[in-house]
Amino acid sequence: MGLLDKQFSDENIILTKAEDLLNWARLSSLWQVGFGLACCAIEMMATSASHYDFDRFGVIPRPSPRQADIIIISGTVTLKMATRIKRIYEQMPDPKYVISMGSCSNSGGPYWEHGYHVVKGMDRVIPVDVYVPGCPPRPEALLEGLLKLQEKIRNESLVKKEKV
Amino acid sequence: MKTQQEIFEILKAQYPDFITTQDTEANELAIEVPALQINSVCQFLASNPDLLFDSLILLSALDDANGKKNSEADGSFEFDGGTLSVIYHLESSKLRHKVVLKVVVPREKPEVESVSSIWQHADWEEREAYDMIGIIFLNHPNLQRILMPYDWDAGFPLRKDYKNPEFYMGIKVP
Ligand code: SF4
């Protein structure tokens, strides 16, 4: 839907589909769990800061998972941390989304072969919506990841999909 | 300020029974100390007015991987016998000298006296050495894992013959 202001000629009535309205509301205020893991978290913080301004997409860090809609797994997920992340994810209310940021969280990254302590991909623990590649991804890449997630939410449906 | 050699001579005169050799394998010389005497030797090093070693720079553990290597069909292997070592780097900030000590213990019974009563900082260093290589520090106040999960039971990851478990709490590991 994009920006809505000055798009209508009549100021009393707006016609839209319930689905579109819900999706638009959801994708425009994705509050993230204030949570960072390793070097990628530094880039995530840079994305939140004034230069890249995550806030203009409605992404604000929330200190509690109960008030959040997305969790950005930004960095190396160790086995010890994975159990905690799972708990944080379970505490988030539905609908909830996951962005996996960086090679570590996508696949184990630099620890693929010899990391006895690293989970080889966050999707082994919780379902991931968008993968952002890079080590670390630049803030632009993370923004692109967020736009991809918004696109995904925009096409969500209230109707149950038929099982194939 | 004293050199490693001079400190070695002092220790040799103080403990003629068990301090006899220096390890020359690495670039640095290291005075070899028996595992169950390290605490008293360190106490002497810390309190003697000519030595005054007031800080432990580094405590590291090492898998010497010098036992008999039993290879298995899947390419993994296990060591039978051999040794593990613990290396201590000490410094005196007053007298500006350093010394390196080395303790060698058998792989089957890697028990070393703790020095955490002398330098507090050794507490976490020893926990790490226990966590990664599996050195048991006797008289340590709180010898439990520090980096790996507390309930990790698949062994000590920096040993050369370590094998990753298939799963940890339902998460596939390798
Ligand atoms: S992907 Fe690279 S930058 Fe990101 S946490 Fe892993 S090692 Fe660090």
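Start by selecting A:Asp53, in the loop between α2 (39-48) and β2 (61-62) of chain A. (Helices here are DSSP runs of H or I with at least four residues, strands are E runs of at least two, and both are numbered from the N terminus.) Check the backbone of A:Asp53: phi is near 55 degrees, a positive value in a residue other than glycine.

A quick word on what you have open. This is a predicted model, in which local features need pLDDT of at least 70 and side-chain atom pairs count only at pLDDT 80 or more, while totals for chains, interfaces and linings use all residues. Residues are numbered from 1 along each chain as its sequence is written, chains are lettered from A and ligands numbered from 1 in the order in which they are written, and side-chain values use heavy atoms, with hydrogens and water left out.

**Stay on chain A**

Move on to A:Pro95, in the loop between α3 (79-91) and β4 (97-101) of chain A. The peptide bond leading into A:Pro95 from A:Asp94 is cis, with omega near -5 degrees. Now jump to A:Pro136, which you'll find in the loop between β5 (130-132) and α5 (139-154) of chain A. Here too the bond to look at is cis: from A:Cys135 to A:Pro136, omega is near -10 degrees.

Zoom out and show chain A as a cartoon. You should see five helices and five strands, coming along the sequence as α-β-α-β-β-α-β-α-β-α. The C-alpha atoms of chain A fill a box of roughly 65 × 45 × 25 Å along the principal axes.

**Over to chain B**

Chain B has three helices and 11 strands, and its C-alpha box is roughly 55 × 30 × 25 Å, again taken along the principal axes. Its pattern reads α-β-β-α-β-β-β-β-β-β-α-β-β-β.

Select the five strands of the open sheet in chain B, whose order is β1-β2-β7-β6-β3 with mixed pairing. (Two strands pair if DSSP finds at least two bridges between them.) At the edges sit β1 (22-23) and β3 (55-63) of chain B, each pairing on one side only. Strands of a sheet pair through backbone hydrogen bonds, either parallel or antiparallel.

Next, pick β6 (residues 83-92) and β7 (residues 97-106) of chain B: they run antiparallel and are joined by 10 bridges. For one spot to zoom in on, B:Ile87 stands opposite B:Lys102 in β7(B). Then add helix α2 (residues 38-47) of chain B, which packs on the sheet and touches β6 and β7 of chain B (contact means heavy atoms within 4.5 Å). The direction of α2 makes about 175 degrees with that of β7(B); axes are lines fitted to C-alpha atoms, for helices over the stretch in contact, and angles run from 0 to 180 degrees between N-to-C directions.

Now find the hairpin of β4(B) and β5(B), with five residues between the strands. In its turn, B:Gly75 has a positive phi of about 90 degrees. Four bridges join β4 (residues 68-71) to β5 (residues 77-80) of chain B, running antiparallel, and B:Asn70 has B:Glu78 as its bridge partner.

**Finish at the interface**

Show both chains and select the contacts: 16 residues of chain B meet 11 residues of chain A. Together the chains bury about 1,100 Å², 68% of it on carbon and sulfur atoms. (Buried area is the accessible area, with a 1.4 Å probe, that two parts lose on being put together, summed over both.)
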